[in-house]
Amino acid sequence: MPHTQLPVVLDKIISLTKVRDSNALELSLAQTLLALANVKNTTIHSAGNIIRMNHALAHDQKITETEAMPPAIITALSTSLDTAKPLVIPLDESKKLTLFPLMCSKQKPFAIISVEETETVSNHGLTMQILHIYHNFLSLINDNERDTLTGLLNRKTFDLKINDTISNLQSNVLNQIANEHNYLAIFDIDHFKRVNDTYGHLIGDEVLLLFSQQMEKNFRDQDLLFRFGGEEFVGIFQCASNDAITHILNRFRKTIEDFNFPQVGKVTVSCGYTKILAFDLSSKVIDRADTALYHAKNNGRNQVSQHEQLIDSGQLVEKNTSGEVELF
């Protein structure tokens with residue numbers, strides 16, 4: 001690497017390590033890779049989201065899409081995942097595309113970085129060093145953002161994400177965009193204290209871990225999943241309608257009901273959820289979902305309840321003076 005290029009690369013690394021949010025870190029990584037010599041385009045495929053950067057874009061601009069990764073790239077990439085080494089795909093006589101799989105601790109790719117460069121000069125060594133810095137720093141962020149036992153996002157991260165969701169809803173209202181609705185759901189494992197008392201806390205922790213794994217398996221990559229503490233979990237979802245989110249949550253409830261937990265056997269879950277509104281207060285959103293959960297647990301458990309539906313059906317009464325909800 002030319003000595004004159006070193007300050008530019010170091011400046012990008014400094015910018016990369018200033019970020020404290022994993023999503024913003026991806027954008028910073030794309031900008032950093034783009035600053036390398038002979039890199040024409042950089043694309044990051046991660047959790048169903050795509051960030052594209054090229055020299056025609058301003059460095060603080062990003063493009064996010066929900067399209068799937070091209071099948072040709074998936075096919076080519078599968079040949080290199082065992083070794084986690086870069087894979088070079090020739091595009092034409094003068095250009096090539098290099099795929100860099102980013103591996104998580106379970107040795108599975110959590111993101112794919114594709115870099116388009118010229119055939120004449122390769123920057124694989126420098127690119128790999130940047131990616132190693134990115135991976136190490138992402139691990140530090142994940143340690144801060146995630147629950148130690150389950151690997152789900154933690155309560156501290158929830159406070160940030162719920163406020164971001166409300167803020168985005170406010171922007172969408174101002175821009176008259178309303179393609180999907182946002183929902184907050186709270187899950188509580190039924191009779192979990194009985195599990196701990198009967199089988200011990202180690203088995204209880206195993207139930208929590210298996211439960212969280214079922215959450216990750218059954219919900220989409222873009223759904224935000226949190227462990228609130230104890231046996232309580234939270235999800236933030238985007239869906240087109242109340243019917244859609246009700247179906248999704250009931251499908252998960254049935255999955256847990258049918259799952260065989262080793263040594264424990266059958267476990268069920270109750271869920272309460274509510275629609276997140278623009279200009280909502282996060283505390284009010286949580287209170288509505290928690291009230292719906294309380295109703296589900298006191299009316300048979302192993303069921304899903306929506307706050308708004310309970311109000312409409314008369315099973316809950318909302319006090320106009322204080323905004324609080326009374327249970328019959």
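Helices and strands here are runs assigned by DSSP, with at least four residues for a helix and at least two for a strand, numbered from the N terminus. By that count, the protein chain of this predicted model has ten helices and 13 strands. Of its 328 residues, 43% are buried. The chain also folds back on itself quite a bit: among contacts with a separation of 6 or more, 58% link residues 24 or more positions apart. The accessible surface adds up to about 17200 Å², and carbon and sulfur atoms account for 52% of that.

Strand 7, covering residues 181-189, makes a handy place to start looking around. Eight of its nine residues are buried. Strand 7 has an antiparallel partner in strand 9 (residues 232-239), with eight bridges between them; here Asn 182 sits opposite Gln 238. Strand 10 (residues 269-276) is also joined to strand 7 by eight bridges, again in antiparallel fashion, and Ala 185 has Tyr 273 of strand 10 as its bridge partner.

Then there are the nonpolar cores. The largest holds 30 residues, and Phe 187, Phe 211, Met 215, Phe 219 and Leu 249 have the most contacts inside it. At least two residues each come from strand 7, helix 6 (192-199), helix 7 (201-218), strand 9, helix 8 (242-258) and strand 10, with helix 7 giving the most, at six. Beyond its neighbours within four places in sequence, Leu 249 touches Ala 185, Phe 187, Phe 219, Phe 237, Cys 271, Tyr 273 and Val 304. A second core, separate from the largest one, has 16 residues, among them Ile 162, Leu 184, Phe 226 and Ile 276.

How values were computed
Residues are numbered from 1 along each chain as its sequence is written. This is a predicted model: local features need pLDDT of at least 70, side-chain atom pairs count only at pLDDT 80 or more; totals for chains, interfaces and linings use all residues. Side-chain values use heavy atoms; hydrogens and water are left out. Buried means under 20% relative accessible area, exposed over 50%, partly exposed in between (1.4 Å probe, protein chains only). Two strands pair if DSSP finds at least two bridges between them. Contact means heavy atoms within 4.5 Å. Accessible areas come from the Shrake-Rupley method with a 1.4 Å probe; for residues, only the protein chains shown count as cover. A nonpolar core is a set of buried Ala, Val, Leu, Ile, Met, Phe, Trp, Tyr and Cys residues joined through side-chain atoms within 4.5 Å.
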